[in-house]
Amino acid sequence: MSDLDALGRTALIPFWARVHDALLPSPILGDHAAAALAPEVERRFGAEPVGDATRVGCCLRNRAMDEWIADLAANGNSGVRTVVDIGVGLDTRLRRRPQLAEHYVEVDGEAIMNLRDDLLPGTGAVRVRADGMSVDEWIDAVDHQVSSVTVLVLEGVLAYQDPSRVSRFFADAARCLPGAFVVFDNLSPLAAWPANRPAALAQGRPRYVWSPWFTRRIPAGSQRLRILQERGFGDFPRDLTREFSNRNRIVYSLPPMRRAYRLTLARLPD
Ligand SMILES: C[S@@+](CC[C@H](N)C(=O)[O-])C[C@H]1O[C@@H](n2cnc3c(N)ncnc32)[C@H](O)[C@@H]1O
């Protein structure tokens, strides 16, 4: 039925999170483009059950990243003209925010990109079928004619990558795109451990294998990523996180856990 491998199938989780959110009276993201795709995605892959915490978490992540990218692109001083969305999955960001950036590059594997061509034609994005961790496979799609700054987006992607590949990715990205912004989510080993228990993996999600203790120590070549902003779910207004269970709320308010899952806005060294 499906030609998606286990990594490709992870795109269905945030997709269905957006669909269910869009049908609520007070959605977090309100992505009607996702809801419009739901019947066709269900026909091809079936509907994916998504719990409340996953729905809220995925949609807060999308929302925070939409806002960071939009702020960077709107800020004339940032020089941002290009966004490279690595592991774009079934995200409908350009339908949510059609004017987001002058150049929008989407990177994912062959099967996901074929699906995007079918389901989301004519968004204006440049689509690259590539291993996003291999910078040389997509760098030619970034416009070097203009003196523009790039935003690299890695949403729900890095945790699945082998740590040595993540190190190489940041080193290569710093060499090819010095000064680029990077937005990504990541979890510390304290959050990765419970997420990798057999019960949590029972539905077939691959293990989380990249989980840095501290983002400020992530190397990018001979230097380090410069962390500009970081948010855990506890940093969002309470009315957006009210559907997290009390247990989750308490656990993730304890100091070592407060940012055990975090959204990070960083800059590569220039
Ligand atoms: C959890 S989904 C997230 C999708 C999307 N970013 C979102 O937030 O809805 C992860 C996506 O990353 C893609 N992916 C994972 N590793 C990748 C790699 N090395 N190169 C390109 N795409 C990758 C998968 O195919 C999948 O579409």
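# Ligand shell and parallel strands in a predicted model

Mentor: Let us begin with the ligand in this predicted model: the ligand is surrounded by 20 residues, and the closest are Gly87, Asp108, Gly132, Glu155 and Gln161.

Trainee: How many nonpolar, polar and charged residues does the shell have?

Mentor: Sorted by class, the shell around the ligand holds 7 nonpolar, 7 polar and 6 charged residues.

Trainee: And which helices supply at least two residues of that shell?

Mentor: Helix α1, covering 6–9, and helix α2, covering 12–22, each contribute at least two residues to the shell around the ligand.

Trainee: What about polar atoms, say for aspartate 108? How far is its side chain from an oxygen atom of the ligand?

Mentor: An N or O atom in the side chain of aspartate 108 lies 2.7 Å from an oxygen atom of the ligand. For arginine 61, a side-chain N or O atom is 3.4 Å from an oxygen atom of the ligand, while a polar backbone atom of glutamate 155 is 2.9 Å from a nitrogen atom of the ligand.

Trainee: How much of the ligand's accessible area does the protein cover?

Mentor: On its own the ligand has 600 Å² of accessible area, and the protein covers 94% of that.

Trainee: Back to glutamine 161, then. Where is its place, and is it buried or exposed?

Mentor: Glutamine 161 sits in the loop between β4 and α7, the helix at 163–176. It counts as buried because its relative accessible area is 11%, which is under the 20% cut-off. The side chain of glutamine 161 also reaches the backbone oxygen of valine 157, at 3.0 Å.

Trainee: Switching to the strands: how many residues of β1 are buried?

Mentor: Strand β1, residues 80–86, is mostly covered, with 6 of its 7 residues buried.

Trainee: Which strands does β1 pair with?

Mentor: β1 runs parallel to strand β4, residues 149–154, and 6 bridges join the two; in that pairing, valine 80 stands opposite valine 149. β1 also pairs in the parallel sense with strand β2, residues 103–108, over 5 bridges.

Trainee: Which residues stand opposite each other between β1 and β2?

Mentor: Among them are isoleucine 86, which stands opposite valine 107 in β2, and aspartate 85, which stands opposite glutamate 106 in β2.

Trainee: Where do the side chains of a regular strand go?

Mentor: As a general point, side chains in a regular strand alternate between the two faces of the sheet.

Trainee: Does anything contact aspartate 85, or rather, which side chain makes a polar contact with it?

Mentor: The side chain of arginine 93 makes a polar contact with the side chain of aspartate 85, at 3.2 Å. Arginine 93 belongs to helix α5, residues 93–96, and it counts as buried because its relative accessibility is 2%.

Trainee: Staying with β2, why is it called largely enclosed?

Mentor: Of the 6 residues of β2, 5 are buried, so the strand is largely enclosed by the rest of the structure. β2 is also joined to β3 by 4 bridges, and these two strands run parallel; valine 107 has valine 128 as its bridge partner in β3.

Trainee: What comes after β3, where alanine 130 has its place?

Mentor: Alanine 130 lies in the loop between β3, at 126–129, and β4. With a relative accessibility of 12%, alanine 130 counts as buried. Its C-alpha atom is separated by 25 Å from that of arginine 18, and the two residues are 112 residues apart along the chain.

Trainee: Now proline 49: buried or exposed?

Mentor: Proline 49 counts as exposed because its relative accessibility is 58%, where the cut-off is over 50%. Its place is in the loop between α3, at 32–45, and α4, at 52–74. Proline 49 and arginine 205 are 156 residues apart in sequence, and their C-alpha atoms are 13 Å apart in space.

Trainee: Last topic, the whole chain. How many helices and strands are there, and what share of residues is buried?

Mentor: The protein chain has 11 helices and 9 strands, and 51% of its 270 residues count as buried. The C-alpha trace spans about 45 × 45 × 35 Å along its principal axes.

Trainee: And what radius of gyration would a compact globule with 270 residues have?

Mentor: A compact globule with 270 residues would have a radius of gyration near 18 Å, and the protein chain agrees with this, having 18 Å.

How values were computed
Residues are numbered from 1 along each chain as its sequence is written. This is a predicted model: local features need pLDDT of at least 70, side-chain atom pairs count only at pLDDT 80 or more; totals for chains, interfaces and linings use all residues. Side-chain values use heavy atoms; hydrogens and water are left out. A residue is near a molecule or strand if one of its heavy atoms lies within 4 Å of it. A polar contact is a pair of N or O atoms within 3.5 Å; within protein, one must be able to donate a hydrogen and the other to accept it, and residues adjacent in sequence count only if both atoms are side-chain atoms. Accessible areas come from the Shrake-Rupley method with a 1.4 Å probe; for residues, only the protein chains shown count as cover. Ala, Val, Leu, Ile, Met, Phe, Trp, Tyr, Cys and Pro count as nonpolar, Asp, Glu, Lys and Arg as charged, and the others, Gly among them, as polar. Buried means under 20% relative accessible area, exposed over 50%, partly exposed in between (1.4 Å probe, protein chains only). Two strands pair if DSSP finds at least two bridges between them. The radius of gyration is taken over C-alpha atoms; the globule rule is 2.2 Å times the number of residues to the power 0.38.
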